[in-house]
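Let's take a walk through this model together, one piece at a time. Have the structure open and turn it as you read.

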Amino acid sequence: MISKTRIYKLVFGFALILSPATFSLVAEPCGTMITSFERPVVLKTDWLFRKGDNLDWRDESVEESFWVKRSVPDYGISKTENLTGYHWYRCSFYLPENYTTPVEPIAIQLGRIRDIDEFFLNGTLIDKTGTVLPKIEVDFQKIRIYSLPTHLLKPGLNVMAIRIYAATNLNGLKEAPMIAKERLLREEVFSKEAFAMVCGYVFIFMGIYFLVGSIVRGRAGENFFFALFSIFMGIYVLLRTQHRDILFENFTWSYVTELLVLICLPVFFINFMHQYLKMKRNVVLLVYEVFLFALFVITLFFRTPKTWILVIALFNYALPVAMGLVIYLFVNNGKTNIAKVKYILIGIASLLPTILIDSLSALEIISMPGTLYLGFLIFLVMISIQLSNDIVLGLENFIEQEKELIQMERVKTGFLINLSSEFKSGMEKIKKAIDNISSNHGKNNAKEATKVSTKTAAKKKTKSKSGSKLELDPVKQAEDHISYMSFMVEEAILLRKLEDKTYIPFYETFSVAELIRHCVSNVENHLEQYRKTTSIEVKPNDLEVYFPKELFFCILRNLIENAYQYTDPKTDIGIEFFNRDGYHQLIVMDEGMGLSQLEMETIFQKFVRGYRDKKNEIPGAGIGLTLVEATTKFLGGTVSLKSSEGMGAKFTIRIPEKPKK
């Protein structure tokens, strides 16, 4: 933890850093003595104000009887009189008798003045912004910093006069004038707006990035509108700083451009949200867009401050509609996509207040520094986090899809190899059977061949009864392999139908014990394993069921085949079937290698196979247990598995006795 002593040191250090700026900006009244320009001098009180216009009021001495003393800033709308037109401010200061010319240029900062101004020092015009004649040209966004010619400054009394023309009823000085070294004044203005300028360019470059991305990736929806929103926001922020003087030579066109950009922002943002949330446009949005389009067109022809105030007022009156549309989007679709919009909500919560503050400041209702760039910076960060999450999720999904595709390709290859192996084995046995038959026909005539064939068949039958089962009839082996290939193809088709929900079951009555014995025989013939340790228990033994025989055989064959394949031939395999509590219950148990907890969590997934160390040695495609689960669920039943490594496995199938409607 940080000690209290260290905290006190940090606070004291910040105080030392901030104290020069704090104490150097102490306000002074007009008529003060300025002994040095090493520190800024803020002239706040005792200003003389008078409505009207007379160029004699610029002189060093005037009759002050009709002048009113004021403290500045006094910007706003006068409640007692209409101050539209000319009005004057006068203020004096004294320099010492031993005054010497400063080494660095001295200037006065008047801040932003509405709308046209001329500055006089000791009766001489120093500088001006805007013109009234031959046509009115205003600039109420420029920060006035006027150099004070050293040859006009003199020991003793010095008089400043400001002649202002207000094109609207908004008038006065927005901040107290400050006299200081010109370098310091300009550095201060730059430092105040540097962050806004940087943000403006960041917004523009970010918008270009999204725009290029939407073109390259072919996603011209949310990325496109967000790109336009970001670019226009960047331009708007730059125009709100002194950077407008770099971009435009004429203030009128710069301000018209600023208004046009501002009008477009809500439309781009709402369309971005519509595209991002995949929602259809509604009538309210269409009407709002038509209104803003009309406002956009008429703004192109407005050139005076009064008309600009009207445009801003209309924009602000319609702004709640935009907010309502955004709120509607989140309320209507936000609950189902909260993970998709939670960071955007935070960004909007930061952005909307700054838009309102900026709009009210533009209307001159309140006087606050521009905060829109700061709000949009937070918003942009939140959008970036949201889109980053989307990108990460999309990348994860893409990787998972790629893994699944690779796995499917491997399994498909394995499936084809396995099927080809079975096909090859079956064909070899068929060929062997044909060769035997052809050989017998080639040695004997038809009659002898019949006798020999009969004797051979009897001999083989006797041998099969008394000898080992390992030497089977080649024709029978070929038939078994062909049947197995048929099972593989049919089960793949069955799984596809179950997944597509197009399978129609055929119910019939059959003997359970007979079907289980047939299935065991089929598996043993195919795998060439003839176990004496396999037990079959059906309760009652003559039980018959009304059930889809094809599906029951599919479940049996896959469970029994797995038990045979993944266990030692000397171990026991148990198969039980009985009815209980209205359910058919099938249990297949083995004493094999068993499954780990991790394997049991994924063993029923398509193309997933257990026994990682053995799976390459044991043929299979990894769809057997998937088919067992899909078939059981199709019949309204459940499948459960109990197993542990080295302890075998127990599969339990429970299916309702009554056919599923």
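**Two helices and a sheet**

Helices α2 and α3 are roughly antiparallel to each other, because their axes cross at roughly 160° and angles over 145 degrees count as roughly antiparallel. Keep in mind that this is a predicted model. To find the pair, look for α2 at residues 182–216 and α3 at residues 222–239; their axes come within 7 Å. The crossing of these two helices is left-handed.

Which residues make the contact? On the α2 side they include A196, M197, G200, Y201, F203 and I204, and further along the helix F210, L211 and S214. From α3 come, among them, N223, F224, F226, A227, I231, M233 and L238. Sorted by character, the residues of this contact are 17 nonpolar and 6 polar, with no charged ones.

Now turn to the sheet. Five strands form an open sheet with mixed pairing, in the order β1-β3-β14-β8-β11. At its edges are β1 (27–29) and β11 (144–148), each of which pairs on one side only. Neighbouring strands are turned against each other by 30° on average, ignoring direction.

Strands of a sheet pair through backbone hydrogen bonds, in either a parallel or an antiparallel sense. A good pair to look at here is β8 (residues 106–111) with β14 (residues 178–181): they pair in the antiparallel sense over 4 bridges. One place to zoom in is I106, whose bridge partner in β14 is K181.

Finally, how do helix and sheet meet? Helix α2 lies across β8, β11 and β14, and runs at about 110° to β14.

Definitions and conventions:
Residues are numbered from 1 along each chain as its sequence is written. This is a predicted model: local features need pLDDT of at least 70, side-chain atom pairs count only at pLDDT 80 or more; totals for chains, interfaces and linings use all residues. Side-chain values use heavy atoms; hydrogens and water are left out. Axes are lines fitted to C-alpha atoms, for helices over the stretch in contact, and angles run from 0 to 180 degrees between N-to-C directions. Angles under 35 degrees count as roughly parallel, over 145 as roughly antiparallel, 65 to 115 as roughly perpendicular and the rest as oblique. A crossing is left-handed if the near helix is turned anticlockwise from the far one by less than a right angle, and right-handed if clockwise. Contact means heavy atoms within 4.5 Å. Ala, Val, Leu, Ile, Met, Phe, Trp, Tyr, Cys and Pro count as nonpolar, Asp, Glu, Lys and Arg as charged, and the others, Gly among them, as polar. Two strands pair if DSSP finds at least two bridges between them.
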